[in-house]
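This report introduces one chain to a reader who has not seen it before. The sequence and the structure come first, and the description follows.

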Amino acid sequence: MRIVLANPRGFCAGVHMAIDVVQQLLELCPGEDIYVYHEIVHNKHVVHRFRERGVAFVEDIDEVPEGKIVVFSAHGVSPAVRQAAAERNLTSVDATCPLVTKVHMEAIRYARQGYQILLVGHADHQEIVGTRGEAPDSIQVVERPDDIPNLNIIDPNKLAYLTQTTLSTDDADVIISALKRAFPNIKEPPGGDICYATTNRQRAVRQIAPECDLTLVIGSRNSSNSVRLTEISQNVGTPARLLDDVSELQDDWFTGIERVLVTAGASAPEDLVAGVVRRLVETYSAEIEIADVFDEDVEFAIPATLKRIMRENGVDPSQRKIRFTKPDITESLYGAVPLTVSAGHH
Ligand code: SF4
């Protein structure tokens with residue numbers, strides 16, 4: 001068996017920043033209670049590991065005692081949540097991904113200009129809940145083309161669409177084409193809203209999966225971009241499995257399988273990918289091939305409130321840069337795995 005490890009895979013700059021924010025708060029404020037509003041990122045292991053270190057995850061700002069520190073997750077929050085935190089005199093540290101904030105800003109701008117906004121995405125996803133909260137009277141959510149006839153449109157010439165950052169580019173194309181057919185004058189977001197990390201991970205799967213018999217996506221079921229990676233693989237005819245970690249591997253998935261694409265959603269830690277790879281190497285004497293499709297070098301700055309907390313604790317924020325590097329096949333994570341082939345995919 002050959003394992004084809006996709007690059008890029010796993011952590012994006014937004015997830016990396018959000019996790020780093022909580023880690024830094026734990027180091028800067030030992031003994032202080034740290035609260036996170038919703039899962040910091042959609043990965044059960046990341047959340048579990050922080051819970052073990054004493055971080056409390058809440059679904060309602062009222063659960064945070066007055067005056068405490070609360071972190072807003074990478075998916076962003078609505079203005080109502082920010083307001084509720086301010087009223088409780090909380091120290092809010094905003095770990096919202098800047099690419100989600102960009103969509104919030106677009107929503108605010110279009111709403112101020114009197115546009116109705118069609119927000120393409122999954123209505124119950126935290127990101128859509130947060131974005132919708134910026135202009136609830138101006139925004140309607142579109143999950144699929146069938147929703148279009150039921151929209152309440154006042155003026156088809158005063159319409160704009162925005163999208164969730166982690167959609168499948170395949171699905172988004174179908175919905176956006178349907179919106180443009182129904183409303184030819186609809187305005188589109190400058191540069192598109194689906195983020196670079198979603199696009200790159202999906203492109204890598206679209207490119208590599210046709211050469212493989214099975215795709216394994218490491219990620220949690222509530223991770224939108226991880227689920228989308230399985231769909232992209234299936235769309236090109238390669239069956240795909242989504243798994244949180246090595247414990248979910250099943251022998252019967254591998255009958256007659258020669259090439260396995262291994263990738264990971266943007267919120268899945270690399271050690272979980274390594275755990276799966278190690279097991280496949282041990283069980284099936286698998287060899288590893290690295291498929292480099294894109295290099296990423298995106299980094300996001302630390303939130304302003306965290307910088308203030310760092311200064312208050314005598315730490316110079318400029319000395320604590322977030323360095324984001326692509327996952328390496330390090331021996332500490334992967335053990336002494338046989339790296340027999342290293343191939344570029346361009
Ligand atoms: S998946 Fe994209 S939008 Fe979401 S946190 Fe990562 S970079 Fe930001």
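Thr-255 is exposed, because 6 other C-beta atoms lie within 10 Å of its own and a residue counts as exposed at 12 or fewer. Thr-255 sits in the loop between β10 (240-243) and β11 (259-264). From Thr-255 to Cys-12 the distance is 33 Å, C-alpha to C-alpha, and the two are 243 residues apart in sequence. The model described here is a predicted one.

**The loop between β10 and β11**

Asp-245 also belongs to the loop between β10 and β11. Asp-245 counts as partly exposed, because it has 18 C-beta neighbours inside 10 Å and the limits are 20 or more for buried and 12 or fewer for exposed. Leaving aside neighbours within four places in sequence, the contacts of Asp-245 are with His-45, Leu-272 and Gly-275. Asp-245 and Gly-10 are 235 residues apart along the chain, and 13 Å separates their C-alpha atoms.

**The chain as a whole**

The chain holds 11 helices and 13 strands. Its radius of gyration is 21 Å, close to the 20 Å that the globule rule gives for 346 residues, so the chain is as compact as a globular protein of that length. The C-alpha trace spans about 60 × 55 × 35 Å along its principal axes. Of the 346 residues, 44% count as buried. Taking the contacts between residues at least 6 apart in sequence, 77% join residues at least 24 apart.

**Helices α7 and α8**

How do the axes of helix α7 and helix α8 cross, and what is the angle? Helix α7 (residues 196-208) and helix α8 (residues 224-235) have axes that come within 9 Å and cross at roughly 25°. Angles under 35 degrees count as roughly parallel, so α7 is roughly parallel to α8. The crossing of the two helices is right-handed. On the α7 side the contact is made by Thr-198, Arg-201, Gln-202, Val-205 and Arg-206, and on the α8 side by Asn-225, Arg-228, Leu-229, Ile-232 and Ser-233. These residues of the contact of α7 with α8 divide into 3 nonpolar, 4 polar and 3 charged.

**Backbone exceptions**

Most residues other than glycine have a negative phi, and most peptide bonds are trans. The table lists places in this chain that depart from that pattern.

| Place | Backbone value | Loop |
|---|---|---|
| Asn-7 to Pro-8, cis peptide bond | omega about 5° | Pro-8: between β1 (2-7) and α1 (13-28) |
| His-38 | phi near 70° | between β2 (34-37) and α2 (44-52) |
| Asn-89 | phi about 60° | between α3 (79-87) and β5 (91-94) |

Is His-38 buried or exposed? His-38 is buried, because 21 other C-beta atoms lie within 10 Å and 20 or more is the requirement. Asn-89 has 9 C-beta neighbours inside 10 Å and therefore counts as exposed. Neither His-38 nor Asn-89 is a glycine.

Definitions and conventions: Residues are numbered from 1 along each chain as its sequence is written. This is a predicted model: local features need pLDDT of at least 70, side-chain atom pairs count only at pLDDT 80 or more; totals for chains, interfaces and linings use all residues. Axes are lines fitted to C-alpha atoms, for helices over the stretch in contact, and angles run from 0 to 180 degrees between N-to-C directions. Helices (H or I, at least four residues) and strands (E, at least two) are DSSP runs, numbered from the N terminus. Angles under 35 degrees count as roughly parallel, over 145 as roughly antiparallel, 65 to 115 as roughly perpendicular and the rest as oblique. A crossing is left-handed if the near helix is turned anticlockwise from the far one by less than a right angle, and right-handed if clockwise. Two residues are in contact if their C-beta atoms, placed from the backbone, lie within 7 Å. Ala, Val, Leu, Ile, Met, Phe, Trp, Tyr, Cys and Pro count as nonpolar, Asp, Glu, Lys and Arg as charged, and the others, Gly among them, as polar. The radius of gyration is taken over C-alpha atoms; the globule rule is 2.2 Å times the number of residues to the power 0.38.
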